[in-house]
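Thanks for coming. I will take a few minutes to walk through one structure, from the whole chain down to single strands.

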Amino acid sequence: QSISGLPGNNTNASWSGDGSKLLFQSDRNENWDISMYNFDNDSLVQLTNSAFNEQKPVWLPDKNSVVFVSDESGVKQLYSMDLATKEKKLLFNRKIICDEPSFSNYNSMVAFAGFEENSKTWQIYTYDFKYNNLNQLTQLHANCSNPAFSPDGKMIAFEYFPKVENQQNSIYIVN
């Protein structure tokens with residue numbers, strides 16, 4: 001059963017914690033926007049509609065908010081949107097190119113792929129909201145992406161993409 005509605009590429013689905021809603025990104029308006037399908041009332045709502053690309057939506061745990069990647073500032077950064085007010089703002093204010101957000105179940109920390117300027121690679125970072133602290137977790141000579149917290153929030157799994165030709169990608173874990 002298709003729930004994405006109108007034509008276009010529709011990707012990066014993310015379930016709400018209670019399973020009643022599904023976020024996804026769609027390019028039906030010639031750039032990426034975030035939409036939400038509500039299973040309770042069988043409705044589809046477009047959450048963003050701008051000239052910018054808004055992608056990779058995830059739910060902010062225990063909140064009525066979503067987080068996504070947007071190029072509104074000229075580079076990819078993480079934004080949040082309160083679903084009640086539709087207010088959109090930077091998730092945190094740091095000068096780092098961000099992609100692929102993932103939250104711990106305890107919502108005080110986000111993990112993401114961040115572009116490391118010196119090595120010109122994507123590395124795994126965390127940002128702790130409680131202490132306003134940005135940490136680079138990996139310093140590998142390869143691209144790292146798609147972080148995923150363990151259920152207890154103590155480990156993060158991520159994809160490792162070596163720069164060496166013919167070497168396979170791997171899944172790594174970091175505490």
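**The chain as a whole**

The protein chain has zero helices and 15 strands. Both are DSSP runs numbered from the N terminus: helices are H or I with at least four residues, and strands are E with at least two. What you see is a predicted model, in which local features need pLDDT of at least 70 and side-chain atom pairs count only at pLDDT 80 or more, while totals for chains, interfaces and linings use all residues. Residues are numbered from 1 along each chain as its sequence is written, and side-chain values use heavy atoms, with hydrogens and water left out.

The radius of gyration of the protein chain is 16 Å, close to the 16 Å from the globule rule for 175 residues, so the chain is as compact as a globular protein of that length. That radius is taken over C-alpha atoms, and the rule is 2.2 Å times the number of residues to the power 0.38. Along its principal axes, the C-alpha trace spans about 45 × 35 × 30 Å. Of the 175 residues, 43% count as buried, meaning under 20% relative accessible area with a 1.4 Å probe, protein chains only.

**Two open sheets**

Next, the sheets. Strands of a sheet pair through backbone hydrogen bonds, either parallel or antiparallel. Here two strands pair if DSSP finds at least two bridges between them.

One open sheet has four strands in the order 5-6-7-8, with antiparallel pairing. Strand 5 (54-59) and strand 8 (88-90) are at its edges, each with a single partner strand, so one side of each has no neighbour in the sheet. Neighbouring strands of this sheet are turned by 30° against each other on average, direction ignored; the axes are lines fitted to C-alpha atoms, and angles run from 0 to 180 degrees between N-to-C directions. Strand 5 is joined to strand 6 (residues 65-70) by four bridges, and Glu 54 stands opposite Ser 70 in strand 6.

Another open sheet has three strands in the order 13-14-15, and its pairing is antiparallel. Its edges are strand 13 (142-149) and strand 15 (170-174), each with a single partner strand, so one side of each is left without a neighbour in the sheet. Between strand 14 (residues 156-162) and strand 15 there are five bridges. Ile 156 has Val 174 in strand 15 as its bridge partner.

**Strand 10 and its partners**

Which strand is largely enclosed by the rest of the structure? Strand 10 (residues 109-116) is, because six of its eight residues are buried. Four bridges join strand 10 to strand 9, and the two run antiparallel; Phe 103 stands opposite Val 110 in strand 10. Strand 10 also pairs with strand 11 (residues 121-128), in the antiparallel sense, over eight bridges. There, Phe 112 has Tyr 125 in strand 11 as its bridge partner. Strand 10 and strand 11 form a hairpin with four residues between them, and Lys 120 in the turn has a positive phi of about 55°.

**The largest pocket**

Last, the largest pocket. The residues nearest its centre are Trp 15, Ser 16, Gly 17, Trp 59 and Pro 61, out of 20 that line it. Strand 1 (10-15), strand 5 and strand 9 (98-103) are the elements that give two or more residues to the lining. A pocket here is an open set of points on a 1 Å grid over the protein atoms alone, where a 1.4 Å probe fits, with protein on both sides within 12 Å along at least five of seven lines; lining residues have an atom within 4 Å of a point.

Terms used: Buried < 20%, exposed > 50% of the residue type's maximum accessible area, 1.4 Å probe, protein only.
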